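Colleague: I'd like to go through this model with you, one feature at a time. Have a look at it first, then I'll start asking.

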Amino acid sequence: ALTLLQFHGVARVLRALEAAGIPVIVLKGAALAETVYPSLADRPMGDVDLLVWPADREQARAVLEAAGYAYIPEPPQPFSPFATTFTGEMAFRGRDRTMIELHWQLTPSEWLQHLCDLDPAPFWAAAHPLELEGAHALQLAPHDLLLHLCVHLTVHGYGHVVGFADIVRVVAAYQPFAWDHFLARATRFRLRAVCYYPLATCAVALGASIPAHVLAALRPPAWRQQLVRWIADPQRAVAGGAPVGKARSYLLQVAVAERVIDLVGPLTWLLFPGPRWLAQRYHLRGWLRPWLACLWHPLVVCWHAVAGIRAILKAAG
């Protein structure tokens, strides 16, 4: 019933976006429920994710609000919202309590945005038409959809268990699968390790038809595989294991970097994101406090890193 309600609302929004001349890609659950699952009831979802171009963000926001969806700041604050400025997504709640998340980046993870420079332009260029309750939009091409599912699972520390089922469905639905295009994307954006763990888990635990040469092309060194299993074992997650928590999710995103040198930029940003970022993240007013935060923010980052490692050691013990 909730899924039907969500689809009714998002179809109305898609028609309004189309009338406003705003192209939109329907991401993840809503697109999958319409295309690779037998019925809407087989793919429950907590919200509907829509991707627009960054230049269309404010106009799309106005369309959503005109359709009865209220913006939910994250975190709540009375000035320019942190999520709007930096993370690439905004959440909206309808009068019927359904949720729509408006994206202009493929992932809200700032870490991965800095790690792999995930330019959305090639994904837009390859997108396919999608019709949802009579409304016209776009969906990611199958190889891009699979890549996005792997990224989403990694950002959530493999805790979004339905994502593994999504991968199995996508691979089975689009045969013969465009594995060459998928590998080219994963290589271009340095996401081979990010893609390896979800795909290998689906092959081993869920019987997904992932070719051996694809897994071989994505496979990281053995020591890195062991490190990822130590931080957040995807096979334990798909079997219904306990969520890994935010700290371990962040450490996982460090562990899946393809090269050590790739970590230099993200780590520099993580420790020294700049006064504007700090002002919005910590609700700091005035010009002096954000600059002072540049001194203590690295200590906050280190504290969270230590807490994450301690959580891992405690679980292992």
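Colleague: Which helix gives the largest share of the lining of the largest cavity?

Modeller: Bear in mind that this is a predicted model: local features need pLDDT of at least 70, side-chain atom pairs count only at pLDDT 80 or more, and totals for chains, interfaces and linings use all residues. Residues are numbered from 1 along each chain as its sequence is written, and side-chain values use heavy atoms, with hydrogens and water left out. A cavity is a set of points on a 1 Å grid over the protein atoms alone where a 1.4 Å probe fits but cannot get out, and lining residues have an atom within 4 Å of a point. Of that lining, 4 residues come from one helix (a DSSP run of H or I, at least four residues, numbered from the N terminus), spanning residues 142-155, and that's α7.

Colleague: What is the volume of that largest cavity?

Modeller: The structure holds 1 cavity of 30 Å³ or more, and its lining includes Leu-27, His-103, Pro-108 and His-152. By class, the lining has 5 nonpolar residues (Ala, Val, Leu, Ile, Met, Phe, Trp, Tyr, Cys, Pro), 1 charged (Asp, Glu, Lys, Arg) and 4 polar (the others, Gly among them). Taking volume as the space filled by probe spheres set on the points, with points joined across faces, edges and corners, the value is about 50 Å³.

Colleague: Back to the helix: is His-143 buried or exposed?

Modeller: His-143 lies in α7 and touches Phe-177, Ala-178, His-181, Phe-182 and Arg-185, residues up to four places away in sequence not counted; a contact is heavy atoms within 4.5 Å. The accessibility bins are under 20% relative accessible area for buried, over 50% for exposed and partly exposed in between, with a 1.4 Å probe and protein chains only. His-143 comes in at 11%, so it counts as buried.

Colleague: And why is helix α2 described as largely enclosed?

Modeller: The buried residues there are Lys-28, Gly-29, Ala-30, Ala-31, Leu-32 and Ala-33. So α2 (residues 28-35) is largely enclosed by the rest of the structure because its buried count is 6 of the 8 residues.

Colleague: How many residues are in the largest nonpolar core?

Modeller: A nonpolar core is a set of buried Ala, Val, Leu, Ile, Met, Phe, Trp, Tyr and Cys residues joined through side-chain atoms within 4.5 Å. Among the members that touch the most others are Tyr-158, Trp-179 and Leu-218. Apart from it lies another core of 32 residues, with Leu-50 and Trp-104 among them. The largest one has 67 residues.

Colleague: How far apart are Ile-72 and Phe-92 in space?

Modeller: Ile-72 sits in strand β3, residues 70-72, a strand being a DSSP run of E, at least two residues. At 26% relative accessibility, Ile-72 counts as partly exposed. Although Ile-72 and Phe-92 are 20 residues apart in sequence, their C-alpha to C-alpha distance is 5.6 Å.

Colleague: What sort of aromatic pair do Tyr-196 and Tyr-197 make?

Modeller: There are 8 aromatic pairs in the structure, meaning Phe, Tyr or Trp rings (the six-membered one for Trp) with centres within 6.5 Å; planes under 30 degrees apart are stacked, over 60 edge-to-face, the rest tilted. For Tyr-196 and Tyr-197 the centres are 5.3 Å apart and the planes at 80°, so the pair is edge-to-face.

Note on methods. 1 Å grid on protein atoms, 1.4 Å probe; cavity = no way out; pocket = protein on both sides within 12 Å on 5 of 7 lines; lining within 4 Å.
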